[in-house]
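Okay, thanks for coming, everyone. Let me put the structure up so we can go through it together.

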Amino acid sequence: MTNVIYNTATTLSGFIADDNDALDWLFVVDQPDDDSFGSFLASVGALVMGSTTYQWVYNHEGLDEHPEKWRASYADRPTFVFTSRDLPVPEGLDIHLVRGAIADHIGAIAAAAGDRDIWVVGGGDLAGQFYDSGHLTEVRLSIAPVTLPSGAPVLPRRIEADALRLTSAHARGQFVEARYEVSYPRR
């Protein structure tokens with residue numbers, strides 16, 4: 001069964017980016033020296049991200065001049081970018097710009113993932129839309145020892161404790177990785 005996993009880094013204060021959608025706070029934290037991310041990525045068949053996340057990756061990596069950086073990070077995994085605006089897509093990459101609701105595209109995304117998982121890269125509102133539509137199955141947070149006074153929230157939804165069950169929590173370098181199984185209690 002294909003899982004839909006929101007896997008992201010967050011500050012202690014619950015933000016995935018600062019007020020300028022920047023991740024500078026993340027890159028100053030010593031990264032784990034294990035291959036946990038590589039193992040996770042090997043289980044992923046398709047990626048999903050919002051337009052702000054995609055635009056940040058596009059700009060940060062200079063994909064207009066270096067599209068090979070995308071493959072170095074994500075290989076040839078199909079990527080679906082939910083957007084309401086036109087965005088540049090480097091030629092030769094398997095990136096699909098989609099508009100509309102999660103329900104309109106989940107079939108194509110799952111088919112692209114095959115027997116592997118779907119990674120909701122970000123942002124938090126998109127992960128919330130996956131939750132709202134009943135498709136989010138797991139939340140993985142890598143909590144960094146950083147606080148921000150404001151920014152982009154990790155999950156801008158009210159989701160009660162009966163919908164999230166902690167399945168593991170452990171230290172990975174300077175991060176705490178917490179995993180939550182998502183359920184959909186009767187309302």
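I'll talk about the sheet and then about a few of its strands. Keep in mind that this is a predicted model.

So, the overall layout. There are 8 strands here, and they make an open sheet with mixed pairing. Reading across, the order goes S5-S4-S3-S6-S1-S7-S10-S9. At the edges you have strand S5, residues 95-98, and strand S9, residues 164-172. Each of those has a single partner strand, so one side of each is left without a neighbour in the sheet. Going from one strand to the next, the twist averages 20°.

Now look at S7, residues 138-144, which sits between S1 and S10 in that order. How buried is S7? Well, 6 of its 7 residues are buried, so S7 is largely enclosed by the rest of the structure.

And how does S7 pair on its two sides? With strand S1, residues 4-11, the pairing is parallel, over 7 bridges. If you want to find the register, Thr8 is opposite Leu141, and Thr11 has Ala144 as its bridge partner.

On the S10 side, residues 175-182, the sense is antiparallel, over 6 bridges. There you can pick out Arg140 in S7, standing opposite Arg179 in S10. As a reminder, strands in a sheet pair through backbone hydrogen bonds, whether parallel or antiparallel.

So S7 has a parallel pairing with S1 and an antiparallel pairing with S10. That's it from me.

Note on methods: Residues are numbered from 1 along each chain as its sequence is written. This is a predicted model: local features need pLDDT of at least 70, side-chain atom pairs count only at pLDDT 80 or more; totals for chains, interfaces and linings use all residues. Side-chain values use heavy atoms; hydrogens and water are left out. Two strands pair if DSSP finds at least two bridges between them. Helices (H or I, at least four residues) and strands (E, at least two) are DSSP runs, numbered from the N terminus. Axes are lines fitted to C-alpha atoms, for helices over the stretch in contact, and angles run from 0 to 180 degrees between N-to-C directions. Buried means under 20% relative accessible area, exposed over 50%, partly exposed in between (1.4 Å probe, protein chains only).
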